[in-house]
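Me: I would like a close look at one helix in this model and at what surrounds it. Please set it in the context of the rest of its chain and of the partner chain.

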Amino acid sequence: MTNRDHPTPQEGPNGANGHSEGRDRRLTEEEFERYSRQMIVPGVGREGQLRLIYSRVLIIGAGGLGCPAAQYVAGAGVGTIGIIDGDVVEISNLHRQVGHATSRLGMKKVGSLIAHLRDINPLPTYVPYTVPITPSNAADIISNYDLVMDCTDNPATRYLISDICVLLCKPLVSAASVQKSGQLIVLNCPPTPQGRIDGKYAPCYRCCFKKPPPPSSMVSCGEAGIVGPVVGLMGVAQAGEAIKILISSLHLPPSTPPSSTPPPDTENQNLIQPTLLIYTYDLSSGIGPYSFRALKMSPRKKTCFACGEDSPSRLTLEGIKSGTPNYEQFCSLPTPKHNLPAEERITASAYNEKRQKGEIGAHVLIDTREKEHFSFGSIDGAVNVPFGRLLMKAAEIKRGGGDGKGVLPEGVDGKSESEDVPIFVVCRRGLDSQEAVEKLKELGVDKGGKRRIMDIVGGMKAWKEEVDPSFPFV
Amino acid sequence: MTTPRPPKGHFNVLYFASAGSFTSKNVEALPAPLPLSKLFETLEERYKGIKESVLDNSLVTVNLTYVNMPEGEDDEANGDEPVIIQEGDEVAIIPPVSSG
């Protein structure tokens, strides 16, 4: 292990950097035994195994996807495996990030995962990158590899990685997962030079998802939660795709031969139907106990910003390095801002104080967190109205043209004695509650201003920080 | 798959990831036929705000195949024929997922 920022994989003892010499060699006795069970599978053989041994794979992200992906990539004997991640192992990672361990809490994830991988297979060269991937280091790192696996956790990085892979002609095996669903897609494979649109070529990430979702709708595993096997399955599937690509040499760019020989992809025998795999795991079994869907995707889009017509004029390696496009900005564009006027807001500590002193009196306290969050604990007397349900009810009422009656559960609203008592709204971190206040007013629950509806600033997070440090906030 | 068959004269819409959280549904049946170009409008009527926060960045499939959402430039550029969603079709709304 090294702690330099940019180790290069060329240092590997197995000579994985070259493209030809020594590639057609005998397997060592250990290799033969270690890989025998996969080599005898039709389509792999000694040749396929040697291709794996002489391949270099970069795994970006050593978390819920990266851990299972890396285990199988390492086990299969890929010769050089680079792993990038800037984070350290936390206890809340361990239910799904199977490459880490309780004994390695606090350690850099990259080091922890490599320790685990060496235990599985000491033969590959492992290249640690303990910094996050950024526009300034991405191309330098990625250029050392044959194939990239996107195991990251945010949209800005996903667009960055895809763009670099387009520019450097690297296939990208991309997966993502949150809560109860996962996605997997092989992009840019076989790789085709940027801007070529004279045939059907593999799509990039931007061909599939042109625009990032608004940040307000993006939830992380930390916020929405994640079921271990769901993300694990996607990571394992990613490894499967990567191994397949390397064994069939699909990662090799069509270039190099002199211009007289047409690149193989123009003959079309190489264009593989791009497929997006969707896995939905439903705890409530509304749609079925489990479901996979394989969706046929379109080839490269002529209008794609990164790989379509004239794309070389918009997207270059130099540009990315110097900050164009700006990925952070691209992914944090217009988010509906909530800025309720001060008189409609109260801090968690002020609410608590006034409540203790009896200055607030009879009121309704609505907690808009999801019921799972609510189940761990709530402020005394709070009524749970999950935000999603509230929005849906609100939309229903709007469609039906009714008034705000029924938007809040019975017993909270509509009882004559509680009709005009003020309503306080609290959520997890203070955003949904503001929108909820606005919605309730829109629906006339505030009786044209006669009934006060207040937002508790900063949600239950603030409550924990300001009022009750022992509150079980997730 | 145990998705219920859509009733006569309807098609199914499947809501994945954040589309499912926004609508609080996994699947629902809508009246067919419906031009694909009217799909977002129809959903926006039912779920105010869904277009901006979910649909505009989702990909859409009809019968397991990606379709270009008619937006103007894209479809003209790609020379796509207007798509009509038919009775019994299965439409899926697939927002990008980023976490991992």
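Reply: What follows starts with helix H15 of chain A and works outward. The model is a predicted one.

Helix H15 of chain A covers residues 432-442, and eight of its 11 residues are buried, so the rest of the structure largely encloses this helix. The buried positions are Asp432(A), Ser433(A), Gln434(A), Glu435(A), Ala436(A), Val437(A), Lys439(A) and Leu440(A). A residue counts as buried here when 20 or more other C-beta atoms lie within 10 Å of its own C-beta. Just beyond the helix, Gly444(A) has a positive phi of about 85°.

What covers these buried residues? Among the covering elements are two helices of chain A, H14 (387-400) and H16 (459-466). Two strands of chain A, S12 (423-426) and S13 (453-457), are also included in the cover.

The packing of H14(A) on H15(A) can be described in some detail. The two axes come within 11 Å and cross at roughly 20°. Angles under 35 degrees count as roughly parallel, and H14(A) and H15(A) are therefore roughly parallel to each other. The crossing in which H14(A) passes H15(A) is left-handed. On the H14(A) side the contact uses Phe387(A), Leu390(A), Leu391(A) and Ala394(A), and on the H15(A) side it uses Asp432(A), Ala436(A) and Lys439(A). By class, this contact has five nonpolar, no polar and two charged residues. Of the H15(A) residues in this contact, Asp432(A), Ala436(A) and Lys439(A) are also listed as buried. In general, an α-helix has 3.6 residues a turn, so residues three or four places apart point the same way.

The two covering strands belong to a sheet. Five strands of chain A form this open sheet in the order S9-S13-S12-S10-S11, with parallel pairing. Strands S9 (345-347) and S11 (383-384) of chain A stand at the edges with a single partner strand each, so one side of each has no neighbour in the sheet. Strand S12(A), part of the cover over H15(A), pairs with strand S10 (residues 364-367) of chain A in the parallel sense over four bridges. One of the positions in this pairing is Leu365(A), whose bridge partner in S12(A) is Phe424(A). Another helix of chain A, H12 (residues 348-356), lies across S9, S12 and S13 of chain A and runs at about 85° to S9(A).

For the wider setting, chain A has 16 helices and 13 strands. Of its 474 residues, 43% are buried. Among contacts in chain A between residues at least 6 apart in sequence, 70% join residues at least 24 apart.

Helix H14(A) also leads to the partner chain. In total, 49 residues of chain A are in contact with 32 residues of chain B. H14 is one of the elements that give two or more residues to this side of chain A; the others are helix H6 (155-168) and strands S5 (172-178), S6 (181-187), S7 (275-281) and S8 (290-296) of chain A. By class, the side of chain A that touches chain B has 22 nonpolar, 18 polar and nine charged residues. H14(A) thus appears both in the cover of H15(A) and in the side of chain A that touches chain B.

Chain B itself has four helices and seven strands, and their order along the sequence is β-α-β-β-α-α-β-β-α-β-β. Of its 100 residues, 40% count as buried. Residues 24 or more positions apart account for 62% of the chain B contacts with a separation of 6 or more.

Strand S4 (residues 59-62) of chain B has two pairings that can be described. With strand S7 (residues 90-94) of chain B, S4(B) pairs in the antiparallel sense over four bridges. With strand S5 (residues 65-67) of chain B, S4(B) pairs in the antiparallel sense over three bridges. Val62(B) takes part in both, with Val91(B) as its bridge partner in S7(B) and Thr65(B) as its bridge partner in S5(B). S4(B) and S5(B) form a hairpin with two residues between them, and Asn63(B) in the turn has a positive phi of about 50°.

Conventions: Residues numbered from 1 in each chain as written. Chains lettered and ligands numbered in written order. Predicted model: local features only at pLDDT ≥ 70, side-chain atom pairs only at ≥ 80, totals over all residues. Buried ≥ 20, exposed ≤ 12 C-beta atoms within 10 Å, placed from the backbone. Contact = placed C-beta atoms within 7 Å. Pairing = 2+ DSSP bridges. Axes fitted to C-alpha atoms, helices over the stretch in contact; angles between N-to-C directions. Nonpolar A, V, L, I, M, F, W, Y, C, P; charged D, E, K, R; others polar. Parallel < 35°, antiparallel > 145°, perpendicular 65-115°, else oblique. Left-handed = near helix turned anticlockwise from the far one by under 90°.
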